[in-house]
Amino acid sequence: MVNYILLYKIKKKVKTLIKDKLADEELATTAKSCLDCLATDISWEVYYLVRDKDKAED
């Protein structure tokens, strides 16, 4: 079962970090780049890492 609350919290944090990097010009973007898409992809990867870690601890 996917924990959507955890996923949302991760996504929100990732978006904040990316926005900060954009503001500091530390991240290159293009006209077609999608910040939300990037944050979603990263969030899913982090979610799977956290989930697998939790399963390993059980």
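Reader: How near do the axes of helix α1 and helix α2 come, and at what angle do they cross?

Author: In this predicted model, the axes of α1 (residues 4-23) and α2 (residues 35-57) come within 8 Å and cross at roughly 130°. The axes are lines fitted to C-alpha atoms over the stretch in contact, with angles running from 0 to 180 degrees between N-to-C directions. Residues are numbered from 1 along each chain as its sequence is written. Local features need pLDDT of at least 70 and side-chain atom pairs count only at pLDDT 80 or more, while totals for chains, interfaces and linings use all residues, and side-chain values use heavy atoms, with hydrogens and water left out.

Reader: What makes α1 oblique to α2?

Author: The crossing is at roughly 130°. Under 35 degrees counts as roughly parallel, over 145 as roughly antiparallel, 65 to 115 as roughly perpendicular, and the rest as oblique. So α1 is oblique to α2.

Reader: Which hand does the crossing of α1 and α2 have?

Author: Right-handed. That is the term when the near helix is turned clockwise from the far one by less than a right angle, and anticlockwise is left-handed.

Reader: Which residues in α1 meet α2?

Author: L6, L7, I10, K11, V14, K15, I18, K19 and L22 do, and their partners in α2 include L35, A39, W44, V46, Y47 and V50. Contact here is heavy atoms within 4.5 Å. By type, the residues of this contact split into 14 nonpolar, two polar and four charged.

Reader: What is the count of helices and strands in the chain?

Author: Two helices and zero strands. These are DSSP runs, numbered from the N terminus: H or I over at least four residues for a helix, E over at least two for a strand.

Reader: Why is I10 called buried or exposed?

Author: I10, in helix α1, has a relative accessible area of 11%. Buried means under 20%, exposed over 50%, and partly exposed in between, using a 1.4 Å probe and protein chains only. I10 therefore counts as buried. Beyond its neighbours up to four places away in sequence, I10 touches S43, V46 and Y47. I10 and V46 are 36 residues apart in sequence, yet 7.5 Å apart in space, C-alpha to C-alpha.

Reader: And how do you know where L6 and E45 fall, buried, exposed or partly exposed?

Author: L6, another resident of α1, has 29% relative accessible area, so L6 is partly exposed. L6 contacts Y47 and V50, leaving aside neighbours within four places in sequence. Its C-alpha is 7.5 Å from that of Y47, with their positions 41 residues apart in sequence. E45 sits in α2, and at 53% E45 is exposed. The C-alpha atoms of E45 and L7 are 9.8 Å apart, for 38 residues along the chain.

Reader: What makes up the largest nonpolar core?

Author: Six residues: L7, I10, V14, I18, A39 and Y47. Such a core is a set of buried Ala, Val, Leu, Ile, Met, Phe, Trp, Tyr and Cys residues joined through side-chain atoms within 4.5 Å. α1 and α2 each give two or more residues to this core, and α1 has the largest share, four residues.

Reader: What percentage of the chain's residues count as buried?

Author: Of 58 residues, 12%. As for contacts between residues at least 6 apart in sequence, 70% join residues at least 24 apart.

Technical notes. Nonpolar A, V, L, I, M, F, W, Y, C, P; charged D, E, K, R; others polar.
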